[in-house]
Amino acid sequence: MNPLGYLEWLVLCGALMGAVFDIYNTVLGSSRWLRWLRPLLDLLFWLVSAAAVFYVTFVTDLGRFRVYTFGLLLLGWLLYRVTLHHTVVGSAFAIMRMVRAVVLFFIRIVDWLLVRPLWFVCRTLWMIAKQLYWLLCRLEDGVFWVIRFWLSILAWPLRGPWQGTAEMRGRIHTRWEGIWERASNWILKDHSEHL
């Protein structure tokens, strides 16, 4: 066992744990889309940290935990907080701003090159379809008006005799009754002559 290596590696583990925690905490805090991942990432952070510390103690001291192991981790975290905390957090914010700018740039590119032209085409097609529907409705009305007009012209000769249908029915009824009356008189007259 090398005591100096053990101390250095545990202090380094504490500092790295603080840096990793600050980085992912900064990333999660600055993105509202990733905040729902916090419980899962917290669990993953502590599991990976525990595995890393166990690996370091295994390599440097055959996996034995001593009372001062947690003290050395705390010392590494404190050294990180005093020396590199502001630099790491500032760098994480700068990286997030850069990533956000790149993502917004690509979103704008996609919007200008794909979404807006598609929206314009869809809107234009919708307006053309509405105008075409209106035109077809007017055309249909016009076609039916022409058909009705020609049917009325063609039917005009047929309308003449059938106008005044009530009067015509009265004449037919009167003549029909007269025919039966004359027929019955003729039969009666012919029958009485034979008797």
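**Helix α3 and the nonpolar core**

The backbone oxygen of L79 sits 2.6 Å from a polar atom in the side chain of T83. T83 belongs to helix α3, and a good part of this section stays with that helix. Keep in mind that the structure is a predicted model, so a word on confidence comes before the details.

Averaged over the protein, pLDDT comes out at 81, and 77% of the residues reach at least 70. Confidence varies from element to element: α3 has the highest mean pLDDT, at 90, while helix α5 (residues 165–194) has the lowest, at 61.

How does the length of α3 check out? With 16 residues at 1.5 Å a residue, the helix should span 22 Å, and its end C-alpha atoms are indeed 22 Å apart, so the two values agree. The buried residues of α3 are T69, L72, L73, G76 and Y80. Looking down the helix axis, these buried residues fall within an arc of 100°, which means that they line one face of α3. F70 and V82, on the other side of the helix, are exposed.

Two threonines of α3 make a handy contrast. T69 also has its place in this helix, and T69 is buried, with a relative accessible area of 0%. Setting aside neighbours within four places in sequence, T69 is in contact with Y6, L10 and T57. T83, on the other hand, has a relative accessible area of 53%, and because exposed means over 50%, T83 counts as exposed. In sequence, T83 and A15 are 68 residues apart, yet their C-alpha atoms lie 10.0 Å from each other in space.

Now for the inside of the protein. In soluble globular proteins, nonpolar side chains tend to be buried together. Here, the largest nonpolar core is made of twelve residues: Y6, L10, V11, C13, M17, Y24, L28, F45, V53, V56, L72 and L73. The elements that each supply two or more of them are α1 (3–30), α2 (38–61) and α3 (68–83). Helix α1 provides the largest share, with seven residues.

Which residues does C13 touch? Not counting residues up to four places away in sequence, C13 touches V53, V56 and L73. Back on α3, L72 and L73 are both core members, and both are also among the buried residues of that helix. As for T69, two of its contacts, Y6 and L10, turn up in the list of core residues as well.

Definitions and conventions: Residues are numbered from 1 along each chain as its sequence is written. This is a predicted model: local features need pLDDT of at least 70, side-chain atom pairs count only at pLDDT 80 or more; totals for chains, interfaces and linings use all residues. Side-chain values use heavy atoms; hydrogens and water are left out. A nonpolar core is a set of buried Ala, Val, Leu, Ile, Met, Phe, Trp, Tyr and Cys residues joined through side-chain atoms within 4.5 Å. Buried means under 20% relative accessible area, exposed over 50%, partly exposed in between (1.4 Å probe, protein chains only). Helices (H or I, at least four residues) and strands (E, at least two) are DSSP runs, numbered from the N terminus. Contact means heavy atoms within 4.5 Å. pLDDT is the predictor's confidence in each residue, from 0 to 100. The expected span of a helix is 1.5 Å times one less than its number of residues. The arc is that of the directions from the helix axis to the C-beta atoms. A polar contact is a pair of N or O atoms within 3.5 Å; within protein, one must be able to donate a hydrogen and the other to accept it, and residues adjacent in sequence count only if both atoms are side-chain atoms.
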